[in-house]
Amino acid sequence: MSSNNTAPAPTGRRWVWFHRFGSPAWIYGFSTRWAPVCGWIAVVLFAAGLYLGLVVAPPDYQMGDSYRIIYIHVPSAWLSMSSYAAMAVAAGVGLVWHLKVADLVARSIAPLGAMFTFCALFTGSLWGKPTWGTYWVWDARLTSELVLLFLFIGYMALSAAIEDRRTAARASAILALVGVINLPIIHFSVEWWNTLHQGSTVTQLGRPTMDTRMLVPLLVMFLAFNFYFAGAVFNRLRGELLHHERRTRWVQELAHG
């Protein structure tokens, strides 16, 4: 009899993290603590990355100084895909385990992902004009990135169009999960099709094709964008939690001091 009473304890300890991340009050406190930390780290990294990229890094032997747009374009493009993957994972967790916090995380990520995707397309167009002679071509990489922007917009529109929150969360989660198939298309488009877009230079660690003085600031900007993304998600999530839980006791206690 005693063994039956003590057996569930390890399982409870093992899943305590899952229950914490399902608690709106705990997530709100976690986001409140870490949002400013991520923000200040991002500010420092942005300052260092922009200085190294715009001042220290030498001009490219072919493109001159116009290549420096990669310090905005490449991290934006990377985050457009990684943020969509994070949104889809959060939406999938909410769909399977019915965790409302997961749905709110996905809703918090979507506008930021759309912003990064638009930034990647916009800066790519600016780079394309002197390189290709035009702002836009129906290249495989550019077209699939544009589809990603439409997926973000579609997720937000569908989530806002349905009045019932549970139905909206389910419908938008299904759309997010279906859209994941576009991510490998974006990533491998330069290998699968004849495309104007250049191949990867950063991830080829075995045979680097970029000068170290150019590569280091790019990696610093990668970190800066990621910390900015984390801090922005935490801030947006706080707002989503307060709105969604506005009638609960913990929010009422928070509002009154």
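Ser-144 counts as buried, at 4% relative accessibility. Ser-144 lies in helix α7. Beyond four places in sequence, Ser-144 touches Asn-182, Ile-185 and Ile-186. The C-alpha atoms of Ser-144 and Leu-183 are 8.4 Å apart, although 39 residues separate the two in sequence. These values come from a predicted model.

The fold of the chain is helical: 11 helices and zero strands. From the N terminus on, the elements run α-α-α-α-α-α-α-α-α-α-α. The chain has 257 residues, of which 40% count as buried. Among contacts with a separation of 6 or more, 74% join residues 24 or more positions apart.

Confidence varies along the chain. The mean pLDDT is 88, and 85% of the residues reach 70 or more. Helix α4 (residues 24-56) has the highest mean, 97. Helix α1 (residues 2-6) has the lowest, 43. Over residues 1-10, pLDDT stays under 50. For this segment the model has zero contacts beyond four places in sequence. Where pLDDT is low, the predicted coordinates should not be read in detail.

The largest nonpolar core has 38 residues. Those with the most contacts inside this core are Tyr-71, Tyr-84, Met-87, Leu-148, Ala-176 and Phe-229. Six helices each supply at least two of its residues: α5 (70-97), α6, α7 (140-161), α8, α9 (182-192) and α10 (212-244). Another core, of eight residues, lies apart from this one. Its members include Val-101, Leu-104, Leu-237 and Trp-250.

Leu-148 illustrates the contacts made by a residue of the largest core. Leaving aside neighbours within four places in sequence, Leu-148 is in contact with Ser-80, Met-81, Tyr-84, Thr-117, Asn-182, Leu-183 and Ile-186. Two of these partners, Asn-182 and Ile-186, also appear in the contact list of Ser-144.

Thr-117 sits in helix α6 (residues 100-132). Its relative accessible area is 0%, so Thr-117 is buried. Not counting residues up to four places away, Thr-117 touches Ser-80, Glu-145, Leu-148, Leu-149 and Phe-152. Ser-80 is thus listed for both Thr-117 and Leu-148.

Helix α8 was examined for length and for sidedness. At 1.5 Å a residue, its 15 residues should span 21 Å. The end C-alpha atoms are 21 Å apart, which agrees. The buried residues in α8 are Ala-168, Ala-169, Ser-172, Ala-173, Ala-176 and Gly-179. They cover an arc of only 125° around the axis, which puts them on the same side of α8. An α-helix has 3.6 residues a turn, so residues three or four places apart point the same way. The face turned away from the buried side of α8 carries the exposed residues Arg-166 and Val-178.

Ser-172 belongs to the buried side of α8. The helix covers residues 165-179. With a relative accessible area of 2%, Ser-172 falls under the 20% cut-off and is therefore buried. Outside its neighbours within four places in sequence, Ser-172 is in contact with Tyr-155, Leu-158 and Ser-159.

Aromatic side chains form a further set of interactions. The structure holds 14 aromatic pairs. In one of them, the rings of Trp-127 and Trp-132 have their centres 5.5 Å apart. Their planes stand at 80°, so the pair is edge-to-face. Trp-127 is buried, at a relative accessible area of 13%. Trp-132 is partly exposed, at 21%. The 20% limit therefore falls between the two values.

Trp-136 and Trp-138 form another edge-to-face pair. Here the distance is 5.4 Å centre to centre, with 85° between the planes. Trp-136 counts as partly exposed, at 26% relative accessibility. Trp-138 is exposed, with a relative accessible area of 66%.

One aromatic cluster is formed by Phe-46, Phe-116, Phe-225, Tyr-228 and Phe-229. Phe-229 is also listed among the residues with the most contacts inside the largest nonpolar core.

Key:
Residues are numbered from 1 along each chain as its sequence is written. Side-chain values use heavy atoms; hydrogens and water are left out. pLDDT is the predictor's confidence in each residue, from 0 to 100. Helices (H or I, at least four residues) and strands (E, at least two) are DSSP runs, numbered from the N terminus. Contact means heavy atoms within 4.5 Å. Rings of Phe, Tyr and Trp (its six-membered ring) pair if their centres lie within 6.5 Å; planes under 30 degrees apart count as stacked, over 60 as edge-to-face and the rest as tilted. Buried means under 20% relative accessible area, exposed over 50%, partly exposed in between (1.4 Å probe, protein chains only). The expected span of a helix is 1.5 Å times one less than its number of residues. The arc is that of the directions from the helix axis to the C-beta atoms. A nonpolar core is a set of buried Ala, Val, Leu, Ile, Met, Phe, Trp, Tyr and Cys residues joined through side-chain atoms within 4.5 Å.
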